Structure formats: C-alpha cells, structure tokens
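Work through the following exercises on charged side chains with the model open beside the text. Each task is followed by a solution in steps.

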Amino acid sequence: MKNRREFLQLGSVGLLSPLMASAYKPNKTQAENKSGIVRQPEEGETFFVRENTPITIQISKRMDSVEDISLCTEEIQPGSKIPVHKHLNEDEFFIFIKGTGTIEIDGQEFPVKPGTSGLVPRGVWHSINNNSSELLIFTFGYSPAGFEDFFRQIGTPKGVSFKAKTAREISLIAVKYGMVYK
C-alpha cells in the first residue's frame, strides 16, 4: 500500500462488500421460480366484478408464490369507469392493449390508447374511464403482489351466475386490502 488513503479505500470496500452482498437476498419465491412463469390468456383465473367486467388474474401471489409482482387483465365496457381510488400498500402499473379512454392520476387526466403505459405509486388517487364506443382492455398489476385477492373476494368466478356485492360489502373488503375510494 502506498498511503493511508489507499488503505482506507481498500479497507472500506473490504468491509462493505459482505454487507452489500447481503443487502440483496432473493426471497424464497424468486429462488423457487427460476424457470419463470408463462400463462396463456385462458389459463388465468377470471372473476366478474360487474356483470360484464371480467378481470383475469394471470400471475399472483396465491397461484404462483410470487411476492413482488402480480399481473392481471381487465375489460371495461364503453361508458364504464373504475372509480377514483388509491392503494395504501401497492404501486400499480398499466399497459393498455385495445381501445381508448382516459386515466386520471392525482387529478390530471391523460388519454390512453393501445401501447400507453402508466405507473401509479401507492397513495396516489387514480381512475380509468372508457369514454369511447369500444371495449377498453388493459393489463395491470401490483407491486408487491397480493392485492389481486381483492378481485377474488368482490368478484364472481367465471362460469358461475353473477352475484353483485353491495357497495357496503365492497367497501369493507377494500379496507381489508388497503384501498380507499374518494
């Protein structure tokens, strides 16, 4: 070693390396899912949250033991919207596949079309509106995973006669999942 400064730099790297290596530890799920997950559209779990509004859960904490992210698809009929709400525990992301409409994030409205993507951090008010005459289809998900269970609880499984939950029932379930409606 040439001088004290070089010694300290090397010493710091030597001391910090084990700490930095331990900062990233793949969780059990990441270790188990080394081969990845591929699910065809018809292989997901579909729940109707309104009589004509299906949400298909493609990747989830419950089905796949994935902790970090979930992936779903939703179809919104013309003239329908997702009410203004926020998630207290999850970030939410969107990729619009078909149709046009708007997404409102923190009071600002943005047009959406196929290929539009968006990210809504936890705690930020947002809504989606299909103000067009065609179906609006988008993929969305949460980080961390788990909120997708909300749809399992408020929805009716595909193939079963639709039974809508009351606004009160939905509100109680929303509280359980850290979702607040405006």
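The exercises below deal with salt bridges, their place in the chain and their burial.

The model is predicted, so local features need pLDDT of at least 70 and side-chain atom pairs count only at pLDDT 80 or more, while totals for chains, interfaces and linings use all residues. Residues are numbered from 1 along each chain as its sequence is written, and side-chain values use heavy atoms, with hydrogens and water left out.

**Exercise 1.** Determine how many salt bridges there are.

Solution. Apply the criterion of a side-chain nitrogen of Lys or Arg within 4 Å of a carboxyl oxygen of Asp or Glu; the count is then 6 salt bridges.

**Exercise 2.** Characterise the salt bridge between E45 and R152.

Solution. Begin with the distance, which is 2.4 Å from N to O. Next, place the partners, taking helices (H or I, at least four residues) and strands (E, at least two) as DSSP runs numbered from the N terminus: E45 belongs to strand β1 (residues 45-50) and R152 to helix α4 (residues 149-154), 107 residues apart. Finally, assess accessibility, where buried means under 20% relative accessible area, exposed over 50%, and partly exposed in between (1.4 Å probe, protein chains only): E45 is partly exposed at 24%, whereas R152 is buried at 9%.

**Exercise 3.** Trace the salt bridges of D149 to R62 and to R152.

Solution. The closest N and O atoms of D149 and R62 are 3.5 Å apart; because D149 lies in helix α4 and R62 in helix α3 (residues 61-64), this pair ties together parts 87 residues apart in sequence. D149 is buried at 16% relative accessibility, while R62 is exposed at 53%. Turning to R152 and D149, their N to O distance is 2.3 Å, and, being 3 residues apart in helix α4, they are separated by about one helical turn. Through shared partners, salt bridges join E45, R62, D149 and R152 into one network.
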